[in-house]
Amino acid sequence: RRGTISKMAKLKVLVVDDDETMLQAIWMWLYSAGHEVVTRSTPFGTSQQILRMEPDVVMLDLDMPGLRGETLAEMIRGKQRATSVIFYSGKEPAELQDLARTYGALGAIHKSVHGDDFVRLFQKLTSRLGAI
């Protein structure tokens, strides 16, 4: 309904980042906001995890050893079109946004964004999911 503000829907989120500290922080922020969150510290095996979990959103770090986030995003789009991707990286913000557009991600969140600001930006990006 137009003009009605509703509580954010609970989403299943898979977070993939080789930085354990960031994984714990993102898990806490999103879990506290009411989402179901699973974390992975390696990009390898993520496709199988997605098939098992069927997440609504995959948050991907772009700079992981062995398999870049952009490559993983392409794999996800090729196999799991129902799963949306958000990039999460310390890259220059303009470059990060360009990569998100190029690889068909919902958007991107810079690694300098934390806590409530992270959750607000995540919710803004994922609010589009209800319109799809």
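## A β-α-β unit and the last helix

Strand 1, helix 1 and strand 2 together form a β-α-β unit that is right-handed. The model described here is predicted.

The whole chain gives the setting for this unit. Along the sequence, the protein chain follows the pattern β-α-β-α-β-α-β-α-β-α, with 5 helices and 5 strands in total. Of its 132 residues, 45% count as buried. Among the contacts in the protein chain with a separation of 6 or more, 59% are between residues 24 or more positions apart. The chain exposes about 7400 Å², and carbon and sulfur atoms supply 50% of that area.

**Strand 1 and its partners**

How many of the residues of strand 1 are buried? The strand is mostly covered, with 4 of its 5 residues buried. Strand 1 pairs with strand 2, which comprises residues 36–40, in the parallel sense. Strand 1 also runs parallel to strand 3. The table sets out the two pairings.

| Partner of strand 1 | Sense | Bridges | Residues that stand opposite |
|---|---|---|---|
| Strand 2 | parallel | 5 bridges | Val16 and Arg40 |
| Strand 3 | parallel | 4 bridges | Val13 and Val57 |

In these pairs, Arg40 belongs to strand 2, and Val57 belongs to strand 3.

**Helix 5**

Helix 5 covers residues 115–126. At 1.5 Å a residue, its 12 residues should span 16 Å, and the end C-alpha atoms are 17 Å apart, which agrees with that expectation.

Which residues of helix 5 are buried? They are Gly115, Phe118, Val119, Phe122, Leu125 and Thr126. When the helix is viewed down its axis, these buried residues fall within an arc of 130°, so they line one face of helix 5. The spacing along the sequence can be understood from a general property: an α-helix has 3.6 residues a turn, so residues three or four places apart point the same way.

On the other side of helix 5, Asp116, Arg120 and Lys124 are exposed. Here a residue counts as buried when its relative accessible area is under 20%, and as exposed when that area is over 50%.

Against which elements do the buried residues of helix 5 pack? Their partners are strand 1 (12–16), helix 1 (20–32), strand 3 (57–61), strand 4 (84–89) and strand 5 (107–110). Two of these partners, strand 1 and helix 1, are also parts of the right-handed β-α-β unit with which this report began.

Note on methods
Residues numbered from 1 in each chain as written. Predicted model: local features only at pLDDT ≥ 70, side-chain atom pairs only at ≥ 80, totals over all residues. Heavy atoms only, no water. Helix = DSSP H or I, 4+ residues; strand = E, 2+ residues; numbered from the N terminus. Expected span 1.5 Å × (residues − 1). Buried < 20%, exposed > 50% of the residue type's maximum accessible area, 1.4 Å probe, protein only. Arc of directions from axis to C-beta. Contact = heavy atoms within 4.5 Å. Pairing = 2+ DSSP bridges. Right-handed = clockwise from strand over helix to strand, strands pointing away. Areas by Shrake-Rupley, 256 points an atom, 1.4 Å probe, with all protein chains shown as cover.
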